[in-house]
Amino acid sequence: QVQLVESGGGLVQPGGSLRLSCAASGSIFSVYGMGWYRQAPGKQRELVAYVTSGGRISYAESVKGRFTISRDNAKNTVDLQMNSLKTEDTAVYYCNAVIRATTSLAGMNYWGKGTLVTVSS
């Protein structure tokens, strides 16, 4: 079994910072892409930032220059440093990873349970 566990959400004022962390654990053979998505109330889930196994990074236009994604391949973790937060960043943030489990012949898409980020004064 494979699971993703997020941490680091919370309440922050506009202009503030938060750091989200996600750790993959379980019967892991290989981890491919890892990233973060978010879903605001009444909206669809959207990509925030993603890093491939080769280190290629992509960001949503709305977070470029404010958010930074980083990955530790040795620890199977991915972090999201969020600076200059805006009220529109309020959402549940989900960790995502494509992982091949030891019991599988192919990678599968895994999701964390989500962590709430609220940006409000």
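Visitor: How much area does the protein chain expose, and what share of it do carbon and sulfur atoms supply?
Guide: Good place to start, and keep in mind that this is a predicted model. The protein chain exposes about 6,500 Å². Of that area, the share supplied by carbon and sulfur atoms is 49%.

Visitor: What part of the chain is buried?
Guide: Here a residue counts as buried when its relative accessible area is under 20%. The protein chain has 121 residues to sort in this way. Buried residues make up 40%.

Visitor: Which elements build the chain, helices or strands?
Guide: Let's walk along it from the N terminus: the elements run β-β-β-β-β-β-β-β-β-β-β. The count of helices is zero, and the chain has eleven strands.

Visitor: Why does the radius of gyration agree with a compact globule?
Guide: The chain has 121 residues, and a compact globule of that length would have a radius of gyration near 14 Å. As for extent, the C-alpha trace spans about 45 × 25 × 25 Å along its principal axes. The two radii agree because the value for the protein chain is 14 Å.

Visitor: How many disulfides are there, and which residues are joined?
Guide: A disulfide is a covalent bond between the sulfur atoms of two cysteines. A search of the whole structure finds one. Its S to S distance is 2.0 Å, and the residues joined are C22 and C95.

Visitor: How far apart in sequence are the parts that this pair ties together?
Guide: C22 and C95 are both buried. C22 belongs to strand β3 (residues 18–26), while C95 belongs to strand β9 (residues 91–101). The pair therefore ties together parts whose separation in sequence is 73 residues.

Visitor: Is the link of C22 and C95 left-handed or right-handed?
Guide: Look at the angle about the S-S bond, which is -80°. With that angle, the link of C22 and C95 is left-handed.

Visitor: Which residue takes a positive phi in the hairpin of β4 and β5?
Guide: Strands β4 (residues 28–39) and β5 (residues 46–51) run antiparallel and are joined by five bridges. One of the bridge pairs is R38 with E46 in β5. Six residues lie between the strands, and the one with a positive phi near 75° is G42.

Visitor: What about the hairpin of β5 and β6: which turn residue has a positive phi there?
Guide: β5 pairs with strand β6 (residues 57–59) in the antiparallel sense over three bridges. Y50 has S58 in β6 as its bridge partner. Five residues lie between β5 and β6, and the turn residue with a positive phi of about 95° is G55.

Terms used. Residues numbered from 1 in each chain as written. Predicted model: local features only at pLDDT ≥ 70, side-chain atom pairs only at ≥ 80, totals over all residues. Heavy atoms only, no water. Disulfide = S-S within 2.5 Å. Helix = DSSP H or I, 4+ residues; strand = E, 2+ residues; numbered from the N terminus. Buried < 20%, exposed > 50% of the residue type's maximum accessible area, 1.4 Å probe, protein only. Pairing = 2+ DSSP bridges. Rg over C-alpha atoms; globule rule 2.2 N^0.38 Å. Areas by Shrake-Rupley, 256 points an atom, 1.4 Å probe, with all protein chains shown as cover.
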